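Open the model in your viewer and keep the selection tool at hand. The tour below moves from one selection to the next and says what can be found at each stop.

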Amino acid sequence: MSDSKTYPPTPTAAGGSSAPKAATAHRPPRSVGFTSALLGSSAGRILPVFVLIVAALSLTANDFLSVDNITNVLRQMVFVSVIAFAATFVIGMGGIDLSVGATTALTGLFMADLMLQGVNIYLAVLAGLLLGGLIGLVNGLLIDRLGISPFICTLAAMIILRGVIMVYSQGVPLTGLGFPEFQWFGQGSIAGVPVPVLTMGLVFAVCWYLLYRTKYGRYVLSIGSNREAARLVGIGISRIQVSVYVMAGLAAALAGLLLTSRLEAAMPEAATNYELDVIAAVVIGGTSLNGGKASLAGTAIGAALMAVVRNGLNLLNVNTFWHQVVIGSIILVAVSFDSLSARRRAKTS
């Protein structure tokens, strides 16, 4: 028995042949697996660029390939990567979430405040994660039930959350978070590997399994590829659409935990522009802004690319203002390439 779905035959025009034609089978878009992502058409195109940049920086920047610097790069890319892995689902579904940076800052601030008030550390962490999931839930429900554009909805959420952060903190950082149990999340290590890096790997593994080994991942990309077709074959669009925003909120809260633990402080301006870095990592890695195509391996490479570029520019003592120019140029090239690829696919289909 075929696993493809078929649509009812299209009615013929008046006077046309009475014999209906077989409906074209609809197959959900296939996500790019880890190995194929590295060698295939999406992440495979950015991987050589990444290798060339690493090679160039290893020749021009002192200590770039040192163990300490590599560990530093991994630590730097953790926060964006954790959010970007979840955002791959959002963007692969054809959505966008601009509130992840503000969610990261607010949840970190919320956890810190609870701990400073004497709440159990693990309960404070759990409360912060739940807050992140709640923010994602509200975003998802507004987008799904009210039909608000994901861009407008999450942009408004970002502005509101940033305002809440300033009201809540009065613009003052919360310090004094030197609790050993809390420090472990951002500064601890297991068998010599930093806990944040292990956390990043775990999040990647969970997202990889969901995207490539479950119906859930296929449904997400089916919705991104053709929402109406997905509805006709019985995919629960509302449930999945809300769930991917909840996932993004939880990932942002987890990044807030790791960032606040590493800094031992909750900064009101924390995670500024994270939403742009997340989108850049996802799109650079080959996930289409139009939906229907996603690569988690590509997202990982995209996040690593930006972390390596920033680190290399720091080692080369390049003015920090130029960092934004370089990263912005990378984003522009990636989005332009995505647009050209979409046009090419449309012409050949």
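Which residue forms a salt bridge with Arg 231? Select Arg 231 together with Glu 228, and you have the pair in question, with the closest N and O atoms 2.4 Å apart. Keep in mind along the way that this is a predicted model. Both residues belong to helix α10, which covers residues 227–232, and they sit 3 residues apart, or about one turn of that helix. Arg 231 counts as partly exposed, with a relative accessibility of 46%, and Glu 228 is likewise counted as partly exposed, at 41%.

Next, select Arg 310 and Asp 277, which also form a salt bridge, here with 3.2 Å between the closest N and O atoms. Because Arg 310 lies in helix α13 (residues 296–315) while Asp 277 lies in helix α12 (residues 274–284), this pair ties together parts that are 33 residues apart in sequence. If you colour the two by accessibility, Arg 310 comes out as partly exposed, with a relative accessible area of 23%, whereas Asp 277 is buried, with a relative accessible area of 10%.

Move on to Arg 145 and Asp 144, whose side chains meet in a salt bridge at 3.2 Å, taken from N to O. Arg 145 is exposed, at 62% relative accessibility, but Asp 144 has a relative accessibility of 17% and is therefore counted as buried, the limit for that class being under 20%. With this stop the salt bridges have been visited, for the count in the model comes to 3.

Now turn to the surface and select Arg 45, Arg 343, Arg 344 and Lys 347, which form a positive patch. Helix α14, which spans residues 320–348, gives the most to this patch, with 3 residues. One residue to look at here is Arg 343, which has its place in helix α14 and is exposed, with a relative accessible area of 58%.

For the last stop, select two cysteines, Cys 153 and Cys 207. Cys 153 is buried, with a relative accessibility of 6%, and Cys 207 is buried as well, at 5%. A disulfide is a covalent bond that joins the sulfur atoms of two cysteines. How many disulfides does the count come to? The count comes to 0 disulfides, so there is no such bond to select at this stop or elsewhere in the model, where a pair of cysteine sulfur atoms would have to lie within 2.5 Å.

Key. Residues are numbered from 1 along each chain as its sequence is written. This is a predicted model: local features need pLDDT of at least 70, side-chain atom pairs count only at pLDDT 80 or more; totals for chains, interfaces and linings use all residues. Side-chain values use heavy atoms; hydrogens and water are left out. Buried means under 20% relative accessible area, exposed over 50%, partly exposed in between (1.4 Å probe, protein chains only). Patches are made of residues with over 30% relative accessible area and no salt bridge: like charges are joined within 9 Å, nonpolar side chains (Val, Leu, Ile, Met, Phe, Trp, Tyr) within 5 Å. Accessible areas come from the Shrake-Rupley method with a 1.4 Å probe; for residues, only the protein chains shown count as cover. A salt bridge is a side-chain nitrogen of Lys or Arg within 4 Å of a carboxyl oxygen of Asp or Glu. Lys and Arg count as positive and Asp and Glu as negative; His and the chain ends are not counted. The place of a charge is taken as NZ of Lys, CZ of Arg, CG of Asp or CD of Glu. Helices (H or I, at least four residues) and strands (E, at least two) are DSSP runs, numbered from the N terminus.
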